[in-house]
Every structure is written in C-alpha cells, then in structure tokens.
Amino acid sequence: MKNFMPNSLSELYSDLANLTPASKVIGGGTDLVMHLNAGRVEPDALLYLENIEETRTIKMDGDTLVIGAGVTMNEMVNSELLKGKFQSIIDAAGDVGSEQIRNSGTIGGNIANASPAGDLIPIMFMMDAVLVIASSEGALKKVAIKDFIVGPGKTTLGHNEVIIAVRLAVPKSDKYISRFVKLGSRKKVTISRICVSMGLEIEDEVIKSASVYVGSISILPIKLEDAEKIMIGKKIDHELKMAVAKVLSDKIMEVTPEKFDRDYKVWASKGVIADVLECFQ
Ligand SMILES: Cc1cc2nc3c(=O)[nH]c(=O)nc-3n(C[C@H](O)[C@H](O)[C@H](O)COP(=O)(O)OP(=O)(O)OC[C@H]3O[C@@H](n4cnc5c(N)ncnc54)[C@H](O)[C@@H]3O)c2cc1C
C-alpha cells in the first residue's frame, strides 16, 4: 500500500492524480482505522493531509469563518473564534464520542462520512456550509454542503478529490447565537439518535429570527420550517417549548419508519427541544 503525505497544495494536486477509487484519504482515522483493522476496506493508497497548512487552521476570511478539514473536535471546542455565533459547533464537537475520539476525529472526516448520525452535519446544513475541495486538476472548488451529501455515506466527492476546509458565513446580527443538543442512546460515547441544531436572534427576550435543523431522524438533516415560523415574535417559555416539540414529534412520525425507534424518538422529542431552548435562556 502506498502512502502519500503532501506538504503543500501543489504536492497534494499531484498526489491526488495518483489515487484510484480504492484509495483513501485519512483524517483522524477514528472511523477509517476501525474499518482497516476489520479488513472491511483494503485501500491501495492512503493520503494524509496533516502537513497541509490550509487543513489545520481555524481563521476568519472577511465575513467568513474557515475551518480546516483536519481541525479536530477538541480544537473546535477550544477555539475562541467559535464562541457565540458558532457555539453549536462547540456543543456538538464537545459531545462527540470520547476524549480520544475528540482528540483525533476531524470535521472533514465527520462530513465525508456523511453519516445520518454525524453530529456536525445538521449544523453545516443550518449554516449553509460551503466546502473547499481540492482535485487532481490542480484547483480548489467550492461545493455547498447540500449538494455534497447525497445519501447515507454517499457524497459527490470524486476519488481524486479531498475536502480542504469548510467555509461558514458569519451571521450578521450581534443578537444571534447558535446551539446544539443531542439525545443519545447511551450516556457516554454515544452516537446521536436525535440532535437539534438551532440558531436564534433574540432581542429583549423576543425571538427575531430562527433556524432549526434536526439530525439522525432521517437520511439527511431536516429543516423544521414550521417550528421556525412558530418561534418568531415569541419569548422562550413552556408553551413555546411544547409547540416546537409538537412540530418535531409530528415530523418524526412523518419521516421515521417504526423500526428506527420512531416511538422512542417521538417520546424523547419533548426533552431535546426543552434542552436546546433552555440553552438560550
Ligand atoms: C467510539 C466512537 C464514537 C463516535 N462518536 C461519534 C459521535 O458522537 N458523533 C459523531 O458525529 N461521530 C462519532 N463517531 C464517528 C467519527 O469519529 C467522527 O465522524 C469523526 O469526526 C470522523 O473523523 P476522522 O477524522 O476520524 O475521520 P477518518 O476516520 O479519518 O475518515 C472517515 C472517512 O472520511 C474520509 N475523509 C476524512 N477526511 C477527509 C477529507 N479531508 N476529505 C475527504 N475525505 C475525508 C475518509 O477517507 C473516510 O472515508 C464516533 C466514532 C467512534 C469510533
């Protein structure tokens, strides 16, 4: 098996040209190494991105936050740039797996996995993330997250392409905060069974704008449009929590087959919504 470890974008472009459909890019390896060890994948080559500066940093580019694909969960948890408007990413990254997984698992791997239970994915949908992708043609292109993930474990990424970074437009309002809450099946090292990503603009306790995405209840994150509408002009109180929870439980009834724990998820939706809305109080 060949190993490629490019030190720059130009070295990366030429290494990408040598990859085949059997080759694999490796981020933190938290998922891939398990599959390698179990013999479920037998790549002809591994491409490591860790020496490429652009994949390793979190920075501002004008009004856009840019997170390198190789930034780990714990690096996001500890980033000052994410506090407040991107607090949802801190919430989600801080709740991924165990300390070991958070030290190695990357945002690029989480997105490329395209798992319906991937915690960062509903946030990426809510924030209209744009992925910066390098290809063997020697250029960077931008692809919206909604055009990138096409099914469970399926993306539009070619075998000689990699994610370099994620671009997130910074919400303009200084009254905006985003939060994320997940309900798991076990206390620790849990894979998400319902997760909610919410971005609210609140002025004098009144919600001025709202965006809500739910993950893990379907193949792709779902926008809870009815909940967004209900919230505008309201204060966060018990009545609002119940109304939003009803929207979520109705959506779960609509989209989740019974065999995927539908009844449990309907029952649990009240708690998840109460928890996420309490984060804003
Ligand atoms: C015990 C355990 C608990 C977990 N808990 C959670 C959890 O709570 N929430 C959650 O969301 N996930 C969880 N995961 C899944 C996984 O750890 C995360 O999705 C993690 O973010 C994957 O990142 P990675 O860098 O380790 O990916 P890797 O294992 O390195 O790669 C995963 C896939 O992505 C591809 N890939 C990686 N980087 C790139 C890139 N830059 N460009 C293109 N393709 C790329 C790889 O080729 C591979 O197919 C858990 C996994 C384990 C083993």
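**A note on a helix pair and a ligand shell**

1. Let's start with two helices: helix 10 crosses helix 11 in a right-handed way (clockwise turn of the near helix from the far one, by less than a right angle). Helices here are DSSP runs of H or I with at least four residues, and strands are E runs of at least two, numbered from the N terminus. The model is predicted: local features need pLDDT of at least 70 and side-chain atom pairs pLDDT 80 or more, while totals for chains, interfaces and linings use all residues. Residues are numbered from 1 along each chain as its sequence is written.

2. Helix 10 spans residues 238–255 and helix 11 residues 262–278; they pack at about 150°, with axes 8 Å apart. Helix 10 is therefore roughly antiparallel to helix 11 (angles over 145 degrees). Axes are lines fitted to C-alpha atoms over the stretch in contact, with angles from 0 to 180 degrees between N-to-C directions.

3. Now for the ligand: 32 residues surround it, and Gly27, Gly28, Gly97, Gly108 and Gly109 come nearest (near means a C-beta atom, placed from the backbone, within 6 Å).

4. Elements giving two or more residues to this shell include strand 2 (24–26), helix 2 (32–37) and strand 10 (161–169). Helix 6 gives the most, with 5 residues.

5. Both domain 1 (2–169) and domain 2 (176–278) supply at least three residues each to the shell around the ligand; the bounds come from an automatic or database domain assignment.

How values were computed
Parallel < 35°, antiparallel > 145°, perpendicular 65-115°, else oblique.
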